[in-house]
Amino acid sequence: MKTQELIASSKQDLVAAGLQLPIMEAFYTIQGEGRFTGYPAYFIRLGGCDVGCVWCDVKESWEAGKWPVLSIEQIVEDALAHPGRLAVITGGEPLMYDLGPLTKLLKEKGFTTNIETSGAHPFSGDFDWVCFSPKKFKKPHPSIYPVADELKVVVAHKSDFAFAEENAGKVNPLCELRLQPEWSKASRFTPEIVEYVKRQPNWKISLQTHKFMDIP
Ligand SMILES: C[S@@+](CC[C@H](N)C(=O)[O-])C[C@H]1O[C@@H](n2cnc3c(N)ncnc32)[C@H](O)[C@@H]1O
Ligand SMILES: Nc1nc2[nH]cc(C(=O)O)c2c(=O)[nH]1
Ligand code: SF4
Ligand SMILES: [Mg+2]
């Protein structure tokens, strides 16, 4: 093998081992959604997603090859520059990667670890909170159901209520249940979500509050 090919293949091996990861962006902000809405948090957005949600609000994340590959040491060093110690791993679809090494290092440095995932790939990593947002576009992997702490279903169509119930029947009984309006259809679906949650009080509402605040 030529030197260049050797370097390329060893880089792929490091990504496969979860020691280096493609990073689209990382930013310190306020968690806008779900259980930890309002908490300061450092977001680590991994590049790459093969789920293909038609209404995805970060389509530019989908192509993994577009983003720089950083070592987990560098990712965590960048996170440590901010005072908050809540890290949210998102994407793209973060479970395309082995998140064991990154979450281990984050925890060693004192972070609480949360994930935002569609659950479309096998679960990995040591997480304090797993936010599972299943998608019709790619079936969740069965490994997500027992570990989900929060089920957050985006409502973009009337059939999404039935899809939400179908997934609620598979998660563990302590999993918190939330419905989140798809941003561009929020005026159409928020009133229906409000009535649904009033009738079915095992559900709660999640809004993308960062978009109202106009922050990342
Ligand atoms: C961009 S995704 C990245 C993490 C992972 N791929 C996932 O889908 O859970 C982060 C969160 O935003 C939600 N989301 C994406 N686009 C949205 C939209 N247009 N309106 C409301 N929520 C959206 C997803 O369902 C998920 O809960
Ligand atoms: N502020 C803020 N909160 C978020 N919660 C989940 C997000 C995501 O894209 O995963 C997100 C995001 O992009 N920004
Ligand atoms: S799974 Fe997440 S990142 Fe992937 S397309 Fe759907 S919302 Fe976007
Ligand atoms: Mg977002």
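## A tour of the binding sites and helix α4

Start by selecting Ile-30, Gln-31, Gly-32, Arg-45, Thr-90 and Pro-216, the positions where an unreviewed UniProt entry places the feature "binding site". Keep in mind along the way that you are looking at a predicted model.

**Stop 1: ligand 2.** Now show ligand 2 with the residues around it: Thr-29, Ile-30, Gln-31, Gly-32, Glu-33, Phe-43, Thr-90, Glu-116, His-210 and Pro-216. Colour that shell by class and you will find 3 nonpolar, 5 polar and 2 charged residues.

**Stop 2: Arg-45 and Thr-90.** Pick Arg-45 next, in strand β2, which covers residues 40-46. Is Arg-45 buried or exposed? Arg-45 has 21 C-beta neighbours inside 10 Å, so it counts as buried. Leaving out residues within four places in sequence, its contacts are Met-24, Glu-25, Ala-26, Ser-61, Thr-90, Gly-91 and Gly-92.

Follow that list to Thr-90, which sits in strand β4 (residues 86-91). Thr-90 counts as partly exposed because it has 19 C-beta neighbours inside 10 Å, where 20 or more would make a residue buried. Beyond four places in sequence, Thr-90 touches Phe-43, Arg-45 and Glu-116.

**Stop 3: ligand 3.** Move on to ligand 3, whose surroundings are Cys-49, Val-51, Gly-52, Cys-53, Cys-56, Val-58, Ser-61, Gly-91, Gly-92, Glu-93, Ser-118 and Lys-135. This shell splits into 5 nonpolar, 5 polar and 2 charged residues.

**Stop 4: another annotated set.** Select Trp-55, Cys-56, Asp-57, Gly-92, Ser-133, Pro-134 and Lys-135, again listed as "binding site" in the unreviewed UniProt entry. Within this set, Asp-57 is in the loop between β2 and β3 (69-71); with 13 C-beta neighbours inside 10 Å, Asp-57 is partly exposed. Ser-133 belongs to the loop between β6 (129-132) and β7, and its 22 C-beta neighbours inside 10 Å make Ser-133 buried. Show the contacts of Ser-133 more than four places away in sequence: Glu-116, Ser-118, Lys-152, Val-153 and Val-154.

**Stop 5: helix α4.** Finish at α4, residues 160-168, and highlight its buried residues Asp-160, Ala-164 and Asn-167. Why do they share a side of α4? They span an arc of only 65° around the axis, so they lie on the same side of the helix. In general, an α-helix has 3.6 residues a turn, so residues three or four places apart point the same way. Add β7 (150-155) and β8 (176-181) to the view, since the buried residues of α4 pack against these strands. Then rotate to the face turned away from the buried side, where the exposed residues Ala-162 and Glu-166 are found.

How values were computed:
Residues are numbered from 1 along each chain as its sequence is written. Chains are lettered from A and ligands numbered from 1 in the order in which they are written. This is a predicted model: local features need pLDDT of at least 70, side-chain atom pairs count only at pLDDT 80 or more; totals for chains, interfaces and linings use all residues. A residue is near a molecule or strand if its C-beta atom, placed from the backbone, lies within 6 Å of it. Ala, Val, Leu, Ile, Met, Phe, Trp, Tyr, Cys and Pro count as nonpolar, Asp, Glu, Lys and Arg as charged, and the others, Gly among them, as polar. UniProt positions are given in the numbering used here, feature names are shortened, and annotations may be inferred rather than shown by experiment. Helices (H or I, at least four residues) and strands (E, at least two) are DSSP runs, numbered from the N terminus. A residue is buried if 20 or more other C-beta atoms lie within 10 Å of its own, exposed if 12 or fewer, and partly exposed in between; C-beta atoms are placed from the backbone. Two residues are in contact if their C-beta atoms, placed from the backbone, lie within 7 Å. The arc is that of the directions from the helix axis to the C-beta atoms.
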